[in-house]
Amino acid sequence: MTGVLTLLAGSIVVGCLGHRALMWLADRRVDPTVLLTGWVLSVVGLVVSAVTMTALQALPADEHPSTGLLRLAGGCWTALSAGSVPGWREAVAAVSLLTTTAIALRLGWVLRDRRRVRRIRAPHLRQLRLLAGESAGDEPLWVRDDRPLAVSIGGRPGLILVSDTLRDVLPPAAVAATIEHERAHLRGRHHMLLALVEVLATTLPVCPLLRSAPAAVKDLVELAADAEAARRCGPAAVREALSRLTGQPRPLGGLGMAGRLTEDRLRRLTISDPRRRRIVRLAGCLGVAIAALALPATTGWLFLTVMGCVVT
């Protein structure tokens, strides 16, 4: 029990202060892909650890876990109904069961709302994918629009929409950089990562780390896509495209090149080295992954240890 409470306290610390550490790294100009990895894994690891440890607090050592939790929670209700004070184990079990149930119900409610919104947009996206045909995915679908637009839409398959006006506004190198930026969103599964942190943040908005994650991930996916486009097309082409597309609207449900952190993105493209070795970036991602998953890994080890003790 002491170990579980210690890990639960660690989860509370990470949930309250973890976003400050990640923001401190952002101020040090850490690679955006590395930071994106840290944010996503920290959010997922925190939620998994918190839910697992909440359940572990109520597991009795002398009963099978599938029945012990419900028995203790029922004992708490029986004691309250009889007008007596329940034991601390029964109280902890009841609180744990109620907390886990509330989180599960809240998560189901959030997912239902997102599915409803997706169903509303589904006919339009289906028509676009039918128009794209075999070009759905990395190859862009050119559409008629008076505005210079480029947007990527996640899904299976992903889709890149580019307006024909873009070719009139940007030179060929900048057009190629814009399309490469949108391809980077699809290759990096940025739409899925953003949806994941948005769901968890909406489910548990009281947690500062989860509450800060959506805005941070929105910025980081743009920075990561800029860096990938700069590596393939050169930073000058990306800067020109970004400066000319700033202020253009972005369709709902997609990620576009313009709209967020324009000044900071232009500054990063000026001072960053697009030829940064991939091995350095992979090492950074591995480092933040180990740090972010240390808590859930420890929780998993504790969970298996408790299960082993109960079964034997």
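A salt bridge here is a side-chain nitrogen of Lys or Arg within 4 Å of a carboxyl oxygen of Asp or Glu. With that in hand, let us walk through this predicted model, starting at a pair that fits the description. The side chains of Asp264 and Arg268 meet in a salt bridge, with N and O 3.4 Å apart. Both residues belong to helix H10, and because they are four residues apart there, about one helical turn separates them. Are these two partners buried or exposed? Asp264 has a relative accessibility of 18%, so it counts as buried, the cut-off being under 20%. Arg268, at 12% relative accessibility, counts as buried as well.

Let us stay with H10 for a moment, since the helix gives this pair its setting. H10 covers residues 262-271, and its buried residues are Thr262, Asp264, Arg265, Arg268 and Leu269. Seen down the helix axis, these buried residues fall within an arc of 165 degrees, so they line one face of H10. The face turned away from that buried side carries the exposed residues Glu263, Thr270 and Ile271.

Salt bridges turn up elsewhere too: a search of the whole structure finds 16 of them. Some share partners, and in this way Glu139, Glu180, Arg183, Arg187, Glu228, Arg231 and Arg232 are joined into one network. Another salt bridge is formed by Arg144 and Asp164, whose closest N and O atoms are 3.8 Å apart. This pair links distant parts of the chain, 20 residues apart: Arg144 sits in the loop between S1 and S2, and Asp164 in the loop between S3 and helix H5 (166-169). Arg144 is exposed, at 77% relative accessibility, whereas Asp164 is partly exposed, with a relative accessible area of 22%. Arg112 and Asp113 also form a salt bridge, with 3.7 Å between the closest N and O atoms. Here Arg112 is partly exposed at 43% relative accessible area, and Asp113 is partly exposed at 24%.

The Arg144 and Asp164 pair has already brought us to the strands, so let us look at those now. Strand S3 spans residues 159-163 and runs antiparallel to S2, with four bridges joining the two. Two of the pairings can be named: Ile153 has Leu159 as its bridge partner in S3, and Val151 has Leu161. S2 and S3 form a hairpin with five residues between them, and in the turn Gly155 has a positive phi of about 135 degrees.

S3 also pairs with S1, this time in the parallel sense and over three bridges. There, Val143 stands opposite Ser163 of S3. S2, for its part, pairs with strand S4 (residues 254-256) in the antiparallel sense over three bridges, and Ile153 has Gly254 as its bridge partner in S4. Ile153 thus has a partner in S3 and another in S4.

How do the side chains of these strands point? In a regular strand the side chains alternate between the two faces of the sheet. In S2 (residues 150-153), Ala150 and Ser152 point one way and Val151 and Ile153 the other, and all are buried. In S3, Leu159, Leu161 and Ser163 point one way while Ile160 and Val162 point the other. S3 is mostly covered, with five of its five residues buried.

Just before S2, the loop that follows strand S1 (141-143) holds Pro148. Pro148 is buried, with a relative accessible area of 10%. The C-alpha atom of Pro148 is 8.8 Å from that of Leu170, a residue 22 positions apart from it along the chain.

From the strands we can move on to the helices and the nonpolar interior. The largest nonpolar core has 23 residues, and those with the most contacts inside it are Leu36, Trp39, Val43, Val197, Leu209 and Val217. Helix H2 (32-56), helix H7 (190-203) and helix H8 (208-233) each supply at least two residues of this core. H8 gives the most, with eight residues.

We finish on the surface, where nonpolar side chains can also be found. Ile279, Val280 and Leu282 form a nonpolar patch there, with about 300 Å² of accessible area together. Ile279 is found in helix H11 (residues 278-311), and this residue is exposed, with a relative accessible area of 58%.

Key:
Residues numbered from 1 in each chain as written. Predicted model: local features only at pLDDT ≥ 70, side-chain atom pairs only at ≥ 80, totals over all residues. Heavy atoms only, no water. Buried < 20%, exposed > 50% of the residue type's maximum accessible area, 1.4 Å probe, protein only. Pairing = 2+ DSSP bridges. Patch = residues over 30% accessible without salt bridge, like charges linked within 9 Å, V, L, I, M, F, W, Y side chains within 5 Å. Areas by Shrake-Rupley, 256 points an atom, 1.4 Å probe, with all protein chains shown as cover. Arc of directions from axis to C-beta. Core = buried A, V, L, I, M, F, W, Y, C linked by side-chain atoms within 4.5 Å.
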